[in-house]
Amino acid sequence: MIGTDENRAVLHVEVIFWSGKRKIPPSLVSGKYCPHFVVTGTTEYLGVCFLDGTECTFDTPALGNAQPLYPDTIDYAPLENNAEFLIYEGANAVGKGRVLGRTVPYKVKQQRKWVPYVPNCIYWPLGDPPGNGCRHL
């Protein structure tokens, strides 16, 4: 489902970061934490970026919303509801998680752009009109 709106869905997840794997827990609220999820039973790294979430402490569940980073080139279908995954930073597993749900982006219908009517001539503002009454641009 590469390139579809479902592949761009924001993932609502519950995550647990393990103590001893990182010095401090990541900030899910900064919008800068971009790990990989690897769904249990697969080997494909699925890059995501956390948009927001609760404050993390080690070995305690936290909630967050993550967005797929490569929806036009990678299939995120394995991250379906209730899918369990490991959280990787490079080659290191730093935690685990579960998909609680997905929000498919709302497609906004583009409005037609209003273009004002521009005549092909401008009327002479003062006195008698020159020639036929129009000055062509």
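Accessible areas here come from the Shrake-Rupley method with a 1.4 Å probe. On that basis the protein exposes about 9,300 Å², and carbon and sulfur atoms supply 56% of this area. The model is a predicted one.

**Overall composition**

The protein has 137 residues, of which 29% are buried. Its secondary structure consists of 8 strands and 0 helices, so the pattern along the sequence reads β-β-β-β-β-β-β-β. Among contacts with a separation of 6 or more, 59% join residues 24 or more positions apart.

**Barrel**

A barrel is closed by 6 strands, in the order 1-4-3-2-5-6, with antiparallel pairing. From one strand to the next, the twist averages 45°. One of the pairings joins strand 1 to strand 4 (residues 62-68), in the antiparallel sense and over 5 bridges. Within this region, Leu11 stands opposite Ala66 of strand 4.

**Nonpolar core**

The largest nonpolar core comprises 22 residues. Val15, Phe37 and Leu79 have the most contacts inside this core. Two or more residues come from each of strand 1, strand 2 (36-39), strand 3 (46-53), strand 4, strand 5 (84-89) and strand 6 (92-103). Strand 1 gives the most, with 4 residues.

Leaving aside residues up to four places away in sequence, Val15 touches Leu28, Phe50, Thr60, Pro61, Ala62, Phe85, Ile87, Lys96 and Gly97.

**Asn7**

Asn7 belongs to the segment before strand 1 (10-17). Its relative accessibility is 1%. Buried means under 20% relative accessible area, and Asn7 therefore counts as buried. The side chain of Asn7 makes polar contacts with the backbone of two residues, listed here.

| Side chain | Backbone partner | Distance |
|---|---|---|
| Asn7 | oxygen of Ile74 | 2.8 Å |
| Asn7 | nitrogen of Tyr76 | 2.7 Å |

Ile74 and Tyr76 also appear among the residues that Asn7 touches when those up to four places away in sequence are not counted. The others in that set are Met1, Ile2, Pro68, Pro71, Asp75, Ala77 and Arg102. Of these, Pro68 falls within strand 4 (residues 62-68), the strand that pairs with strand 1. Arg102 falls within strand 6 (92-103).

Technical notes
Residues are numbered from 1 along each chain as its sequence is written. This is a predicted model: local features need pLDDT of at least 70, side-chain atom pairs count only at pLDDT 80 or more; totals for chains, interfaces and linings use all residues. Side-chain values use heavy atoms; hydrogens and water are left out. Buried means under 20% relative accessible area, exposed over 50%, partly exposed in between (1.4 Å probe, protein chains only). A polar contact is a pair of N or O atoms within 3.5 Å; within protein, one must be able to donate a hydrogen and the other to accept it, and residues adjacent in sequence count only if both atoms are side-chain atoms. Contact means heavy atoms within 4.5 Å. Two strands pair if DSSP finds at least two bridges between them. Axes are lines fitted to C-alpha atoms, for helices over the stretch in contact, and angles run from 0 to 180 degrees between N-to-C directions. A nonpolar core is a set of buried Ala, Val, Leu, Ile, Met, Phe, Trp, Tyr and Cys residues joined through side-chain atoms within 4.5 Å.
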